[in-house]
Amino acid sequence: CGASEVWTAEQQKWWYEVAHGSIHSGANTCRKCRQAQRAQVANDPMHVQAEQLRALGAHKPTPAANAAVQAALKSKWEGMQVIAIDVLGAWWGLTGDDAELEQLKTIATAPAPAGQHPYRGDATRYAARRAIARHLREADMGWALPWFLTHAANRLGMLVPQMPQQALIDALAAPPWRAAWHDDAAQAESLLALLVYTDARTPGWIALAEHAIASPLIGKRARTRLDWRIERQRQFV
């Protein structure tokens, strides 16, 4: 609009410290134009549909809600599919229904459509894996660890922090996983990836890391990295 406006220190503080806006961003439009843009987005039919869909995840599923989610999963818009997957994950967290979990697993392992780019659908596959990781229970770790190591080995860095950290450490410290550190070279490498991305502040992490360091199957570089993290963590305990 060509109007000049002062972006005050108070406004900048809110943007960077409360809203966590990018440090490389700045105010490019005046306040009146920003409000008009927000109003336009809020009234956009796709935005309204997305917000209505997100709200379904706060409550247990009803037949009507389930129908809306299933319809969104078939949407041509990948973003709408991702929202529907997040709702499915929230429902599984609320109900523990195996049907919802199986649908998430199906989406998470679905191949790209025939004749299309192999990365087609990658966002929905990752969203399904993330939804499962977020709502895991301690009792799920028995099947969840082998499943994630099989189907999401290349995304562990993003998925492990979503998992319940204490349940993950307890599962990795129990047999047969504990024995695998010293007996199974392939498993030891995968377990190392899980351990590296787990929060080192979790009780039991240091003891498990020391057990891993003692394994002859762990390389020198990984051993040095774990040793550094152990010492660093001990400084804050």
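D122 is partly exposed, with a relative accessible area of 24%; here buried means under 20% relative accessible area, exposed means over 50%, and partly exposed lies in between (1.4 Å probe, protein chains only). Bear in mind that this is a predicted model, in which local features need pLDDT of at least 70, side-chain atom pairs count only at pLDDT 80 or more, and totals for chains, interfaces and linings use all residues. Residues are numbered from 1 along each chain as its sequence is written, and side-chain values use heavy atoms, with hydrogens and water left out.

Now look at the partner of D122. Its side chain meets that of R125 in a salt bridge, at 3.9 Å from N to O; the term requires a side-chain nitrogen of Lys or Arg within 4 Å of a carboxyl oxygen of Asp or Glu. R125 is buried, at 9% relative accessibility. The two residues sit three apart in helix α7 (residues 122-134), so about one helical turn separates them. Helices are DSSP runs (H or I, at least four residues), and strands are too (E, at least two), numbered from the N terminus.

A similar spacing turns up in helix α14 (residues 220-235), where E231 and R234 lie three residues apart, about one turn of the helix. Salt bridges that share partners also join D122, R125 and R155 into one network. Back in α14, the closest N and O atoms of the E231 and R234 salt bridge are 3.6 Å apart. E231 is partly exposed at 40% relative accessibility, and R234 is partly exposed at 40%.

Finally, visit R201, which forms a salt bridge with D199, their closest N and O atoms being 2.8 Å apart. R201 is exposed, at 64%, whereas D199 is partly exposed, at 26%. Across the whole structure, the search finds 10 salt bridges.
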